[in-house]
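Hi,

Here is the model I promised to pass on. Have a look at it first, and my notes follow underneath.

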Amino acid sequence: MTPEEIKEFEKALDKISAKAKEFGLDFYDMRFEICPAEIIYTFGAYGMPTRYSHWSFGKSFHRMKTQYDYNLSRIYELVINSDPCYAFLLDGNSVIQNKLVAAHVYAHCDFFKNNKWFRHTSKKMVESMARSAERIKEYEFKYGRAMIEEVLDAAMAIQEHIEPRHDLGIIRKPTDDRERTRPDETPYDDLWNIGIKTPEEPPSKTRKFPLKPEKDLLKFLAVHAKELDDWERDILFIVRDEMLYLWPQIETKIMNEGWATLWHSRIMRDIQLSENETIEFAKMHSGVIMPGIMGINPYFVGLKIWEDIEKRWDKPTREEKEKYGRPGGQGREKIFEIRETENDISFIRNYLTKELVEELDLYLFQKVYTKWQVIDTEWERVREGLLTLLTNGGFPHIIIEDGNYNRTGDLYLRHCHEGRDLDLFYLEKTLPSVFRLWGRPVNFETSVDEKKILYTYNGEKIQKRTL
Amino acid sequence: MFDKTFIVSKDDWSLHRKGHIDQQRHMEKVKEAIKKNLADIVAEESIIMSDGKKIIKLPIKSLEEYHFRYNQNKQKNVGQGDGNTKPGDVLGSEGGKGSGNGPGAGSEPGVDYYEAEITVDELAELIFEDLGLPNLQEKRQQELTTESYQFKDVRKKGIMGNIDKRRTIIESIKRNSRCGNPGQTIIYPEDLRFKTWDEDIRYQSNAVVIAMMDTSGSMGAFEKYIARSFFFWMVRFLRTKYQNVNIVFLAHHTEAKEVNEREFFTKGESGGTRCSSVYDLALKIIATRYNPDDYNIYPFHFSDGDNLPSDNEKCLVLVQKLLQVCNVFGYGEIEGLYYNSSSLMSIYRKLRDPKFTSVLIKDKTGVYPALKAFFKPQGKVMNM
């Protein structure tokens, strides 16, 4: 973009931001950065401009950039959940393209700020990640790149296994029984008990550990693995923190993209465009919402659901009026409420209707021998199928059953099988990563073709046996 | 200006190389992976069939990032059609790329292949790293040379790339001191000093390799392919590491004849098998052209082991004769579809000569171990 174009873009931003406010969008201050394609793809691959270095980011950068170079796919923007909100726009875009992208970005920012699943995400993550990256760099200088890479490889192999709901459903109650039965009256009361054995204390060997199965594998390893150095634990926590920060974006992809698409089209409709601009806008917009054959396009499906909700609450059918007491005219209010409280799972479950599945022509498909084939179009099964894919961010649910299995300090993980088998080759290749961090043999229970199987990796080889 | 809720900026990003640097690291890891998988790659058709000069593209799966994930082949995915999609509709077949748009909710099917570009020479370097001619002995007349270059000399004239900075600056300081202004280090042309190399030619003993291949009817496409893969790398290896090694190509069925290199690699033949014919010819060639007093002699023979039974005893006698005159005798047997366990290999088991090496190759991945077994340097002879 030339300096003149940037001026024109700034002028348009005045109108776009005013329009967005008028529609009720509530966003942070914006920082738009115009940068070349290479930089956008770098940030796209890393997920963040300031993230640490790792070969896997280089690999995805290369893949994305190749696709861009061959004109196969294109990223238009990258927006960061932060305050102020950073948005990186493509230098090669025309002014009208960047106007659309800016309108899109305002809606994303509103979503980041107001959707409750983002409530724990740090708005200073750009800086936090930069500091973490610096620390990792320092470790590299101190211990050598190979060592750091080994730990990062292992940590990133299990990075999805965190507990994003770590604050929900926890009832705080005193864990130590002694405290309740014999409250201390003065800070020195414990002096009277010196030398007296406390009978409640169970021998530590038999105590189950963890008491209840835990899901946060990264945290568990970082806290309880016996042979890790402090810097290794630090790396585990860095990977975990960044995943916790990124998790809500995984969980609201359809809603968030649909929301941004809904508002960019409305904002652009309301600000004045020339004839040429209108055509270019329409072209780009239709590109964004092109349906995907081998997967759904979140922009399109999300947009359709939002529009449908607004319509059904604005002009309810007679049945909806009578059955649900919906007075009508509440469309806008309803979608703002949903954008605040729901995530993709509840969004799809509550608002993907029979009519929408049919209109969007959604289907379930599967590999049949060597072909990808449509296997079902019945709306409820399609909806269930989509929900299954979205559950736990699309990752298998794995819990730590025992951190002292067989009383030898071995780890026992269990895959909570919900009807989908694991990729066993990948499983065998991932267990060594867990072993690298835990430092003791790792057991992994899963089901294959409805048979329970226990995998064990002892540092040398994988063994499996039927349970 | 102050009520603005946004800032637009455009910075200079030209020095931002993060993505490239990490991609480079990824490439390094790919190369390491190639090295680990040489056995698979050595017999890759695209290499053996190439003329050996151009850059080849190896289809290498980019490094996997392993994690716990679902079985993609059993997974039900959600897709979107353009209306009227019915169960049973085929969306695509394996290998064909789905035209997915944007990251969908499910993971995109399809394998992530990475084309690593590599020249045959680069690959050869990896393969030949620890190969050498075994049991090389000093002979009377020396013809085999290894050349190397050593920077030993310093001169006043030379190529700028070879400038010796330290000596140049010392010269400049010396000259300046002589002229009475010590410490000044303006460099004049006469101060320049250059490193210069000497060619270091070392004479090594002469060597001749006798490549013998069974081209009889029982050698099917697979067996021939394996034998040729081996000889392909063998020839490249010898030509890379030793300037003047002689290679003699012999092809045989019931009769043996000397052929040129091109014929050796391309000609198909048929007929029965009498391995003694080729050993006879080899002995004749040694007797007439390569005196064992002057040459290190390395005969290598590849066959499927399906020899005329009445000929086996004769073979054994001839191999023993060959062993007397040569440094190492290598025999490779390819276990094809119609492999018969009463093969030449079982006859050669009786041989107890440390100079005799044999390998059994079952599939493509056996070629690299065979190279390693036959070309174990430092005079070590292994009996496998």
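First, a definition: a residue is buried if 20 or more other C-beta atoms lie within 10 Å of its own, exposed if 12 or fewer, and partly exposed in between, with C-beta atoms placed from the backbone. By that count, buried residues make up 40% of the 467 residues in chain A.

Some housekeeping. This is a predicted model, where local features need pLDDT of at least 70 and side-chain atom pairs count only at pLDDT 80 or more, while totals for chains, interfaces and linings use all residues. Residues are numbered from 1 along each chain as its sequence is written, and chains are lettered from A and ligands numbered from 1 in the order in which they are written.

**Chain A overall**

Chain A has 18 helices and 10 strands (helices are DSSP runs of H or I with at least four residues, strands are E runs of at least two, and both are numbered from the N terminus). Its C-alpha trace spans about 85 × 65 × 60 Å along the principal axes. Of the contacts in chain A with a separation of 6 or more, 70% are between residues 24 or more positions apart; a contact here means that the C-beta atoms, placed from the backbone, lie within 7 Å.

The chain is divided into domain 1 (3–115 + 252–288), domain 2 (298–391) and domain 3 (393–466), with bounds from an automatic or database domain assignment. Taken over C-alpha atoms, the centres of domain 1 and domain 3 of chain A are separated by 41 Å.

**Two helices of chain A**

Does the length of H3(A) (residues 55–69) agree or disagree with what its residue count predicts? Its 15 residues should span 21 Å at 1.5 Å a residue, and the end C-alpha atoms are 21 Å apart, so the two agree. (The expected span is 1.5 Å times one less than the number of residues.) The buried residues of H3(A) include A:Trp55, A:Phe57, A:Phe61 and A:Met64, and also A:Lys59 and A:Lys65. Their cover includes H2 (37–46) and H6 (145–157) of chain A, together with H1 of chain B. Just after H3(A), A:Asn71 takes a positive phi of about 65°.

H4(A) (residues 95–114) passes the length check too: 28 Å is expected for its 20 residues, and its end C-alpha atoms are 29 Å apart, which agrees. This helix is mostly covered, with 16 of its 20 residues buried.

**Where the chains meet**

The contact between the chains takes 73 residues from chain A and 59 from chain B. On the chain B side, E1 (6–10), H1 (18–36), E3 (77–80) and E4 (90–93) each supply at least two residues. The largest share, nine residues, comes from H1(B). By class, the chain B side has 15 nonpolar, 29 polar and 15 charged residues. (Nonpolar is Ala, Val, Leu, Ile, Met, Phe, Trp, Tyr, Cys and Pro; charged is Asp, Glu, Lys and Arg; the others, Gly among them, are polar.)

Strands cross between the chains as well. E4(A) (residues 362–368) runs antiparallel to E3(B), joined by four bridges; strands count as paired if DSSP finds at least two bridges between them. Within this pair, A:Leu364 has B:Val78 as its bridge partner.

There is also an open sheet of four strands with mixed pairing, in the order E2(A)-E3(A)-E1(A)-E1(B). Its edge strands are E2(A) (77–79) and E1(B), each pairing on one side only. Neighbouring strands are turned by 15° against each other on average, direction ignored. E2(A) and E3(A) (residues 85–90) pair antiparallel over three bridges, and A:Leu78 stands opposite A:Phe88. H1(A) (residues 3–22) packs on this sheet, touching E1(A) (30–35) and E1(B), and its direction makes about 155° with that of E1(B). (Axes are lines fitted to C-alpha atoms, for helices over the stretch in contact, and angles run from 0 to 180 degrees between N-to-C directions.)

**Inside chain B**

Chain B is divided into domain 1 (21–65 + 112–129), domain 2 (143–201) and domain 3 (205–374). The contact between domains 1 and 3 takes 10 residues from domain 1 and 13 from domain 3. H2(B) (38–42) gives the most to the domain 1 side, with four residues. That side has eight nonpolar, one polar and one charged residues.

One last residue: B:Gln137 sits in the loop between H4 and E6 (142–155) of chain B. B:Gln137 counts as exposed because it has 11 C-beta neighbours inside 10 Å.

Cheers

Terms used:
Two residues are in contact if their C-beta atoms, placed from the backbone, lie within 7 Å.
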